[in-house]
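Thank you all for making time this morning. I would like to walk you through one model, so please keep the sequence and the coordinates open while I talk.

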Amino acid sequence: MILQRTRPPLLETPFEVFDRSVFTPNDQFYVRWHWAVIPTSIEVAKFRLIVHGQVETPLSLSLEEIVGLPRVELAAVSQCSGNSRGYVLPRVAGAQWSNGAMGNAKWTGVRLKDILDRAGVKAGAVQVRFNGLDEPVVEGAPDFMKSLDIDHARDGEVMIAYAMNGQQLPLLNGFPLRLVVPGWYSTYWVKMLNDIEVLAQPDSNYWMKTAYTIPDTPYANVTPGQTGVKMVPINRMEPRSFITNIQNGASFAAGSPTLARGIAFGGDYGVAKVDFSADGGKSWQPAQLGQDEGKYSFRQWETYFTLAAKGNHSLMVRCTNSKGEAQPGNANWNPAGFMRNVIETTAVTAA
Ligand SMILES: Nc1nc2c(c(=O)[nH]1)N[C@H]1C(S)=C(S)[C@@H](COP(=O)(O)O)O[C@H]1N2
Ligand SMILES: [Mo]
């Protein structure tokens, strides 16, 4: 792992990991926490998930009870809103991630809907707020909490996961329970989840109202210094794709076919196609897609290309999702460095 920070822990996945499999191994999955007061052990028999607020029957569920509910499984990409922030120009404050603040796993757990139905959501509920066991380091600082609209929370896809790639969640990734919000940025995927509150009014806590907000513009894009922009909570992800087997500066023999391969994901929709360019975006060829692990998963792609002329070349890869949304040719910019999804360029030479 690439150590970005120790307290609270920020660990980045080394990029070569994404070339090996569409599933990111648990012990190489990126780690991000906001506060450094994080339990280092959990007493499984004593742990309870409570459900309260605008419900008929408040619940206090043991892990045994939760594991006994109908089980669901889903492959989904978890990506930090600030993934790739280190490439944002002009530069912005925040963790200077390369492209490794993302990962794909098979999540196993229970539907959030099933738990909310059990508690019986009352009329007038508008949002559901999620809180975990981690705490701020100083008194008065805002506890990390995130909320979803009630209809989203009850869509049958949002999941409370207890396993990741067939194993119990690692402590750093949220043992014993974490929220999984397919297609949405990972800031909503609350770890060490132990408290669910159904709210009668929109959540105005710091982590919804102030932090993790984006300009309400296409690609959350603004001009540096621009003011008076309407801000909204960050939400769904957009398509991205990467070459995983060729690094910047690689050199190839001119005139011979070379394999390019990588990963793509469609954001909140599946991958419809991946196109590849060996001439800096002047012409594009379709790449072959690998096995479909579900619309929220990484999808592998590969193609062959030939660099006819000796010299410098730019390789590019572009994902289009099943909603018809493609990666843009120009990088977006916003003050937090969120939602980067520009078409990636890899500079290579032919000799
Ligand atoms: N309890 C809790 N859950 C949290 C956070 C946090 O600080 N505390 N950070 C969120 C953010 S911003 C990200 S990017 C993901 C990171 O998940 P991971 O560490 O499993 O990769 O966790 C989310 N869930
Ligand atoms: Mo994040």
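Let me begin with a single proline, P224, which touches P90 and W333 once residues up to four places away in sequence are set aside. Before going further I should say that this is a predicted model, and that everything I quote is computed from it. P224 sits in the loop that connects β14, residues 213–215, with β15, residues 231–233. Is P224 buried or exposed, or something in between? Its relative accessible area is 41%, and P224 is therefore classed as partly exposed. For a sense of distance, take P224 and E325, which are 101 residues apart along the chain and whose C-alpha atoms are separated by 25 Å.

Now to the pockets, beginning with the largest one, which has a volume of about 480 Å³. It is lined by 15 residues, and those closest to its centre are F15, Y87, N99, N248 and T346. By character, the lining of this largest pocket comprises five nonpolar, seven polar and three charged residues. Where does this pocket lie with respect to the domains? Residues from domain 1 (2–211) and from domain 2 (240–350) both enter the lining of the largest pocket, so it lies between the two domains. In terms of strands, β16 (240–243) and β24 (344–350) each contribute at least two residues to that lining, and the largest share, three residues, comes from β24.

The second largest pocket holds about 320 Å³ of space, and of the 19 residues that line it, R32, R85, Y212, A336 and F338 are the closest to its centre. Its lining divides into 10 nonpolar, six polar and three charged residues. Here too, domain 1 (2–211) and domain 2 (240–350) both give residues to the lining, so the second largest pocket also lies between them.

Strand β24 leads us to the sheets, since it belongs to an open, mixed sheet of five strands in the order β17-β24-β23-β19-β20. The edges are occupied by β17 (251–252) and β20 (285–286), each of which has a single partner strand, so that one side of each is left without a neighbour in the sheet. Inside that order, β19 (residues 271–277) and β23 (residues 311–321) run antiparallel and are paired over six bridges, with D275 having R318 of β23 as its bridge partner.

A further strand that I find instructive is β22 (residues 299–305), where the side chains alternate: R299, W301, T303 and F305 point to one face and are buried, whereas Q300, E302 and Y304 point to the other face and are not. Which strands pair with β22? Strand β18 (residues 258–265) is joined to β22 by seven bridges in the antiparallel sense, and within that pairing R261 has E302 as its bridge partner. Strand β21 (residues 288–289) is likewise antiparallel to β22, over two bridges, and there L289 stands opposite W301.

Finally, let me turn to a hairpin, which is formed by β4 and β5 with five residues between them. The two strands, β4 at residues 48–53 and β5 at residues 59–62, run antiparallel and are joined by four bridges, and R48 stands opposite S62 of β5.

That is where I will stop, and I am happy to take questions.

Technical notes:
Residues numbered from 1 in each chain as written. Chains lettered and ligands numbered in written order. Predicted model: local features only at pLDDT ≥ 70, side-chain atom pairs only at ≥ 80, totals over all residues. Heavy atoms only, no water. Pairing = 2+ DSSP bridges. 1 Å grid on protein atoms, 1.4 Å probe; cavity = no way out; pocket = protein on both sides within 12 Å on 5 of 7 lines; lining within 4 Å. Points joined across faces, edges and corners; volume = space filled by probe spheres on them. Nonpolar A, V, L, I, M, F, W, Y, C, P; charged D, E, K, R; others polar. Domains from an automatic or database assignment. Buried < 20%, exposed > 50% of the residue type's maximum accessible area, 1.4 Å probe, protein only. Contact = heavy atoms within 4.5 Å.
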